[in-house]
Structures are given as structure tokens and as C-alpha cells.
Amino acid sequence: MFLRSGLVALLSLILFLSPAAPSWALGGELPPLNAPAPDFSLPSSVNGQLISLKDYRGKWVVLYFYPKDFTAGCTLEAQRFQRDIEQFHVHNAEVIGVSADSVDSHADFCDSEGLTFPLLSDPDGQVSKAYGSWLGSVSLRHSFIIDPEGILRERYVKVNPAIHSQEVLARLEELQQQV
């Protein structure tokens with residue numbers, strides 16, 4: 001167990017210190033930029049309703065993966081996305097969170113933190129794997145910006161929960177100006 005933890009920590013440090021945006025991250029191969037984003041359909045915090053990427057055609061999507069409901073970093077990241085949700089909506093963008101937690105856990109987390117955007121339950125990691133964001137039994141803290149046609153335009157594997165929402169919002173504005 002100690003050896004595995006040490007190996008994970010070493011790999012994390014190496015990836016964190018690498019200067020280039022990797023096409024491979026600790027969670028596996030990342031989907032390529034400027035190509036169709038991997039499709040998904042998962043149950044959500046909204047009464048278990050299935051939510052699919054295709055439901056958001058015509059809108060920008062900020063898809064963020066995180067390890068666990070009710071943990072410090074994940075709570076901070078969710079609170080910051082909620083704080084900025086109206087700014088995302090002004091930019092025709094929706095925020096969607098994904099973790100391995102259950103629909104019930106997500107619903108409790110949304111209630112506890114006043115989250116108005118959906119959280120999707122990916123307990124077996126199939127969607128997290130498709131996005132290179134799965135490690136063992138949890139989703140890694142990765143985020144993706146997907147354009148209104150379903151094309152992946154940006155990815156983040158080095159996420160600071162305290163500033164990430166503003167970082168994503170700034171990049172979203174840049175991407176929209178390029179269109």
C-alpha cells in the first residue's frame with residue numbers, strides 16, 4: 001500500500017512539473033483537442049435524470065471531473081463554479097460536474113452547497129476513463145471546455161480549485177472571441 005501511494009505521488013509530481021500540456025495524464029490518455037468530445041449519458045443529481053452531452057448542443061459546456069463530494073478541494077471548486085454560474089450563462093455555457101459518487105450523494109452535496117448545476121454519477125468510471133480522468137476508483141480533478149458543436153476546445157489537468165472557475169471563464173471568453 002505504501003509503495004503504491006509513493007508511486008502515485010511520484011507520478012503526480014512528475015506530471016505537475018512537466019511544462020507541456022500533456023496528451024496523457026495520470027488518469028490515462030486525454031481526448032484530443034479540436035475533435036469531437038467523448039459522448040456520455042449519466043444519471044444526475046436532478047432526480048437521477050439521465051444527462052447526455054448531446055442535450056447541450058448549441059451551448060458551450062464546462063465539464064469538470066472531481067474526486068469526492070464533501071471534501072475540501074471539491075467543495076471549494078463547486079462553490080466557485082456556483083459563484084460564477086451566471087457569468088457562464090451569460091456566455092451561453094453550462095457547467096456539469098462528474099465524480100464516482102452516487103446520485104444520492106450528489107443530491108445531498110447540491111443541497112448542502114446550494115449548487116444549481118448538475119452533478120453526474122460515474123461509479124464505474126466509464127466516462128472519466130474516456131476523458132483520461134480516472135485513477136483506481138475516483139475521478140481526477142480535470143476539466144474540459146466543449147463548444148456548441150460538441151468539439152473539445154480546452155482541457156485542464158493541473159487544477160487549483162480556488163481559482164479554476166475564473167480561469168475557465170477567461171479561457172471560454174477567449175475561445176468565443178476566436179469564433
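Me: Before we start, what do buried and exposed mean here?
Reply: Buried means under 20% relative accessible area, exposed means over 50%, and partly exposed lies in between, with a 1.4 Å probe and protein chains only. On the other side of helix H6 from its buried residues, Gln177 and Gln178 are exposed.

Me: What kind of model is this?
Reply: This is a predicted model, in which local features need pLDDT of at least 70, side-chain atom pairs count only at pLDDT 80 or more, and totals for chains, interfaces and linings use all residues. Residues are numbered from 1 along each chain as its sequence is written, and side-chain values use heavy atoms, with hydrogens and water left out.

Me: What is the mean pLDDT?
Reply: The protein chain has a mean pLDDT (the predictor's confidence in each residue, from 0 to 100) of 89, and 85% of its residues reach 70 or more.

Me: Where does pLDDT stay under 50?
Reply: That stretch is residues 1-22. The model has 14 contacts (heavy atoms within 4.5 Å) beyond four places in sequence for these residues.

Me: How many helices and strands are there?
Reply: The protein chain has 6 helices and 11 strands. These are DSSP runs numbered from the N terminus, with helices (H or I) of at least four residues and strands (E) of at least two.

Me: Back to H6. Which of its residues are buried?
Reply: They are His164, Ser165, Val168, Leu169, Leu172 and Leu175. Seen down the axis of H6, the buried residues fall within an arc of 130 degrees (taken from the directions from the helix axis to the C-beta atoms), so they line one face of the helix.

Me: What covers them?
Reply: The cover includes strand E5 (60-65), helix H2 (72-83), helix H3 (85-90), strand E6 (93-99), strand E10 (142-146) and strand E11 (152-156).

Me: Different topic: how many salt bridges are there?
Reply: The count is 7, where a salt bridge is a side-chain nitrogen of Lys or Arg within 4 Å of a carboxyl oxygen of Asp or Glu. One of them joins Arg141 and Glu77, at 2.8 Å from N to O. Arg141 lies in the loop between strand E9 (138-139) and E10, and Glu77 in helix H2, so the pair ties together parts 64 residues apart in sequence.

Me: Is Glu77 buried or exposed?
Reply: Glu77 counts as buried, at 1% relative accessibility. Arg141 is also buried, at 18%.

Me: And which residue pairs with Arg171 of H6?
Reply: Arg171 meets Glu154 in a salt bridge at 2.6 Å, N to O. Salt bridges with shared partners join Glu154, Arg171 and Glu174 into one network.
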